[in-house]
Amino acid sequence: MRLLIALALGVLAALGTTSHAHAAPHDPGTHFLAEVDGGVLLTGDGGPALRAALGAGFKLHRTPLRLYLIGQFGVSSYVAEPSPVVAASGRTEQGAFEDFGLGPRLLLPVYGPVRVYAECVVGTSLASARQVAADRPDLYARQWLGLVQLSSGLQWRVLYPLSLGIRFSAAWNADGLAGAARYAGVRDDLRLSLTAGGTWHF
């Protein structure tokens, strides 16, 4: 009798182990991402902001964190708010930035499909500006500037290969862009943007 009970328990244990193995197979996860987002530049009177990025990463050992190396390209434009003295002369300034950056992203799963991340990229920006005035010809400036950008984001993994999310970024550029921006008196080294988009994981 004892032999039969022991045999039955052994069979049940084996079946349970097999069932668990089929129900929860090992998931190696994804290691690459492609990301596109768009939104608004919050500098000056605002303007459009677009960004595309590629990344590769891995899960940090014994933690839920994932570390990625991100390469990105972004485009944004703005209309500057001149000082009252400059505004009284009828002058306005418009500008655009083409940003190229590379840096790390640290991602943390929070609950279920929800993830948050922090990111820091460094690179360069091709900045251009145009100042329009009624009393003289338009002024133009175009220059490469150093770039540091800090970002944070919230993502929802709606499908295994797809996340949707929002992103807030603050970008600093090195001093420069002599010409139109200096004449306008509205040069600002800080640019803020708010965007939303999707990330494809593969």
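Let me start with Phe 100: it is partly exposed, with a relative accessible area of 34%. This is a predicted model, so please hear every number that way. Phe 100 lies in strand β4, residues 92-111.

Who is its partner? The ring of Phe 100 pairs with the ring of Phe 73. The centres are 5.0 Å apart and the planes meet at 45°. Stacked needs under 30 degrees and edge-to-face needs over 60, so this pair counts as tilted. Phe 73 belongs to strand β3, residues 66-80. In sequence, Phe 73 and Phe 100 are 27 residues apart, and the pair links distant parts of the chain. Phe 73 is also partly exposed, at 33% relative accessibility. Add Trp 144, and you have one aromatic cluster: Phe 73, Phe 100 and Trp 144.

How many aromatic pairs come out of the rule? The count is three. One of them is Phe 32 with Phe 202, and that pair is stacked. Centre to centre, it spans 5.8 Å, with 20° between the planes. Phe 32 sits in strand β1, residues 32-41. Phe 202 sits in the segment after β8, with β8 covering 190-201. The two rings are 170 residues apart in the chain. Phe 32 has 42% relative accessibility, and Phe 202 has 46%. Exposed would take over 50%, so Phe 32 is partly exposed, and so is Phe 202.

Next, charges over rings. The charged end of Arg 105 sits over the ring of Tyr 117, at 4.0 Å from the ring centre. Arg 157 does likewise with Tyr 160: its charged end is over that ring, 5.4 Å from the centre.

Now the fold as a whole. The protein chain has three helices and eight strands. What order do they come in? Starting at the N terminus, read α-β-β-β-α-β-β-β-β-α-β. Of the 202 residues in the protein chain, 33% are buried.

On to strand pairing. β1 and β8 run antiparallel, joined by nine bridges. Within that pairing, Gly 39 stands opposite Thr 195 in β8. β8 also pairs with strand β7, residues 162-173. That pairing is antiparallel too, over eleven bridges. There, Leu 164 faces Gly 198 of β8.

Then the surface. Where is the nonpolar patch? Six names to look for: Leu 108, Val 110, Tyr 111, Val 116, Leu 154 and Ile 166. Together they make a nonpolar surface patch of about 570 Å². Which strand gives the most to it? That is β4, with three residues. Val 110 is placed in β4.

One backbone point before I stop. Most residues other than glycine have a negative phi. Arg 62 is not a glycine, yet its phi is positive, about 65°. Where is Arg 62? Look in the loop between β2, residues 47-59, and β3. Is Arg 62 buried or exposed? Its relative accessible area is 78%, so Arg 62 is exposed.

To recap the rings: Phe 32 with Phe 202 is stacked, and Phe 73 with Phe 100 is tilted. For the strands, β8 pairs with β1 over nine bridges and with β7 over eleven. For the surface, the nonpolar patch draws most on β4.

Technical notes
Residues are numbered from 1 along each chain as its sequence is written. This is a predicted model: local features need pLDDT of at least 70, side-chain atom pairs count only at pLDDT 80 or more; totals for chains, interfaces and linings use all residues. Side-chain values use heavy atoms; hydrogens and water are left out. Rings of Phe, Tyr and Trp (its six-membered ring) pair if their centres lie within 6.5 Å; planes under 30 degrees apart count as stacked, over 60 as edge-to-face and the rest as tilted. Helices (H or I, at least four residues) and strands (E, at least two) are DSSP runs, numbered from the N terminus. Buried means under 20% relative accessible area, exposed over 50%, partly exposed in between (1.4 Å probe, protein chains only). A charge sits over a ring if NZ of Lys or CZ of Arg is within 6 Å of the ring centre and within 35 degrees of the ring normal. Patches are made of residues with over 30% relative accessible area and no salt bridge: like charges are joined within 9 Å, nonpolar side chains (Val, Leu, Ile, Met, Phe, Trp, Tyr) within 5 Å. Accessible areas come from the Shrake-Rupley method with a 1.4 Å probe; for residues, only the protein chains shown count as cover. A salt bridge is a side-chain nitrogen of Lys or Arg within 4 Å of a carboxyl oxygen of Asp or Glu. Two strands pair if DSSP finds at least two bridges between them.
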